[in-house]
Amino acid sequence: MLKTSSGKHALGIGLIGLGLTFGAAAQTASAPMAGAGNKANVAAKTLPSADRAFVEKAAQGGMVEVALGKLAQQKAASDQVKQFGSRMEQDHSKANGELKQVAGAKGIELPAGLDKKHQKDVDHFGKMSGAEFDKAYMGHMVEDHKHDVADFKKEANGGKDADVKAFAGKTLPTLEEHLKLAQSTNDAVRKGGK
């Protein structure tokens, strides 16, 4: 370009300048969208794997608690079991919403539905009703909440991500209360209480 006439040289420089301007404008226009997505992707990639696994497990656990709580309200014979199911639906729906916010801030998209394992549990309990349901459901709730309390304690005490750890710590007392309630309701059902 340097050895050509000054008109062609100026045109070449003008086209280069124009190309740079359009390139910069295109980059600026896409930057906010890409930046927001990149922040979420970076957060998801930087979230320690143990914290991420906890979030995903807690999401599935919370969803199955809601589904089984709804079943308990429909299938249980005992009023105490129905009330327990209602409490599970309410408390776990609230916790699921909070977890979804934490996960969203970390760039983790939680599943909208149950995985096969948890759906199998719902299907299993859905085939029962009355006293049979009460005994099976409450026995399951005691065991399930023992595991939940242990998982949430572990995350609250040893989690690496501050937000995930705070969610676990905030939710833990409710789960401990659920365990006590599950145990007392289970005892009443085993003794034939209504």
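The legends below accompany close-up views of a predicted model of a single protein chain.

**View 1. Overview of the protein chain, an all-helical arrangement written α-α-α-α-α-α from the N terminus on.** The protein chain holds six helices and zero strands, and 37% of its 194 residues count as buried. Among the contacts in the protein chain with a separation of 6 or more, 78% are made by residues 24 or more positions apart. The accessible surface of the chain comes to about 11400 Å², and carbon and sulfur atoms account for 58% of that area.

**View 2. Helix α4 and the residues on its two sides.** Helix α4 comprises residues 116-126, and its buried residues are His118, Val122 and Phe125. Seen down the axis of α4, these buried residues fall within an arc of 70°, so they line one face of the helix. An α-helix has 3.6 residues a turn, so residues three or four places apart point the same way. The face of α4 turned away from its buried side carries the exposed residues Lys116, Lys117 and Lys120, while the buried residues of α4 pack against α2 (49-75) and α5 (130-158).

**View 3. The aromatic pair of Phe54 and Phe152, linking helices α2 and α5.** The structure holds six aromatic pairs, and one of them is formed by Phe54 and Phe152 in an edge-to-face arrangement, with 4.8 Å centre to centre and 75° between the planes. Because Phe54 lies in helix α2 and Phe152 in helix α5, the pair ties together parts that are 98 residues apart in sequence. Both partners lie below the 20% relative accessible area under which a residue counts as buried: Phe54 has a relative accessibility of 9%, and Phe152 has one of 8%.

**View 4. The aromatic pair of Phe125 and Tyr137, and the ring cluster around it.** Phe125 and Tyr137 form an edge-to-face pair, 6.4 Å centre to centre and with 85° between the planes. Since Phe125 lies in helix α4 and Tyr137 in helix α5, this pair ties together parts that are twelve residues apart in sequence. Phe125 is buried, with a relative accessible area of 4%, and Tyr137 is buried as well, with a relative accessible area of 0%. Ring pairs link Phe125 and Tyr137 with Phe84 and Phe133 into a cluster.

**View 5. Helix α3, its ends and its buried residues.** The 27 residues of α3 should span 39 Å at 1.5 Å a residue, and the C-alpha atoms at the ends of the helix are 39 Å apart, which agrees. At the N-terminal end, Ser78 caps α3 through a side-chain oxygen that lies 3.1 Å from the backbone nitrogen of Gln80, whereas Gly107, which follows α3, has a positive phi near 80°. The buried residues of α3 include Phe84, Met88, His92, Asn96 and Leu99, and what covers the buried residues of this helix includes α2, α5 and α6 (162-190).

**View 6. The surroundings of Asn96 in helix α3 (residues 79-105).** Asn96 is among the buried residues of α3, and its side chain reaches the backbone oxygen of Gly62 at 3.3 Å. Leaving aside neighbours within four places in sequence, Asn96 is in contact with Gly62, Met63 and Val66.

How values were computed. Residues are numbered from 1 along each chain as its sequence is written. Side-chain values use heavy atoms; hydrogens and water are left out. Helices (H or I, at least four residues) and strands (E, at least two) are DSSP runs, numbered from the N terminus. Buried means under 20% relative accessible area, exposed over 50%, partly exposed in between (1.4 Å probe, protein chains only). Contact means heavy atoms within 4.5 Å. Accessible areas come from the Shrake-Rupley method with a 1.4 Å probe; for residues, only the protein chains shown count as cover. The arc is that of the directions from the helix axis to the C-beta atoms. Rings of Phe, Tyr and Trp (its six-membered ring) pair if their centres lie within 6.5 Å; planes under 30 degrees apart count as stacked, over 60 as edge-to-face and the rest as tilted. A polar contact is a pair of N or O atoms within 3.5 Å; within protein, one must be able to donate a hydrogen and the other to accept it, and residues adjacent in sequence count only if both atoms are side-chain atoms. The expected span of a helix is 1.5 Å times one less than its number of residues.
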